[in-house]
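Here is a short report on one protein model. Look at the structure first, then read on.

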Amino acid sequence: MILATTATVAALCSNCGEMEFQALSLFAFSRLGHESFKCHCRTPLLKVSSHNRRVFSLYYQCAYCGETHYLRLNRLAIWGKKALPLICPEFSAIVGFIGPKQKVVQACQEQEKSIGELAEELGYVEEFENPEAMLRLLDHLHSLA
């Protein structure tokens, strides 16, 4: 049995709105016991920590509600065979994914496609140059209101 030791993290930045992809190695926890990720705009995205490399605490900054969300996961949830969605409990919106690189990329593409389809259904395609970005902006403005 082959155990995966590298996972991919994709998280939506709460500052610039870009989906940021980072690699997460199981071996990083043998040195410091935690790993932190920032967006290219230097905004903190998430932090993963563990004391025993079996149970992991995941803190991620939410692009929708602005709060920090917490998950407690076992090793197989992160380094397993599926992409685990990172969800905002307040808005039931997907903030990102963690898991195997191919599955995370596929899940992000499906998420982007569904946002594009929603923008098309709402008639934003003709009105805006980038309807996906405008839909995210409108959603953020709605949450602020």
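His34 counts as partly exposed because its relative accessibility is 31%; buried means under 20% relative accessible area, exposed over 50%, and partly exposed in between (1.4 Å probe, protein chains only). This is a predicted model: local features need pLDDT of at least 70, side-chain atom pairs count only at pLDDT 80 or more, and totals for chains, interfaces and linings use all residues. Residues are numbered from 1 along each chain as its sequence is written, and side-chain values use heavy atoms, with hydrogens and water left out.

**Around His34**

His34 sits in strand S3, residues 34-38. Strands (E, at least two residues) and helices (H or I, at least four) are DSSP runs, numbered from the N terminus. Which residues does His34 touch, not counting residues up to four places away in sequence? They are Phe29, Lys47, Val48 and Ser49. A contact means heavy atoms within 4.5 Å. Lys47 is 13 residues from His34 along the chain, yet their C-alpha atoms are separated by 7.1 Å.

**The sheet with S3**

S3 belongs to an open sheet of 4 strands, in the order S3-S4-S5-S6, with antiparallel pairing. Two strands pair if DSSP finds at least two bridges between them. S3 and strand S6 (68-74) are the edges: each has a single partner strand, so one side of each has no neighbour in the sheet. Neighbouring strands here are turned by 15° against each other on average, direction ignored. The angles are taken between axes, which are lines fitted to C-alpha atoms (for helices over the stretch in contact), and run from 0 to 180 degrees between N-to-C directions. S3 and S4 pair over 5 bridges, in the antiparallel sense. One bridge joins Lys38 to Pro44 in S4.

**The other sheet**

Another open sheet of 4 strands has the order S2-S1-S8-S7, again with antiparallel pairing. Strand S2 (19-25) and S7 are its edge strands, and each pairs on one side only. Its neighbouring strands are turned by 25° on average, direction ignored. S7 and S8 pair in the antiparallel sense over 5 bridges. Leu84 has Ile98 in S8 as its bridge partner.

**Two loop residues**

Most residues other than glycine have a negative phi. Arg53 and Ser92 have positive values.

| Residue | Phi | Loop between |
|---|---|---|
| Arg53 | near 60° | strand S4 (44-49) and strand S5 (55-61) |
| Ser92 | near 55° | strand S7 (84-88) and strand S8 (93-99) |

Are these residues exposed or partly exposed? Arg53 counts as partly exposed because its relative accessibility is 36%. Ser92 counts as exposed, at 62%.
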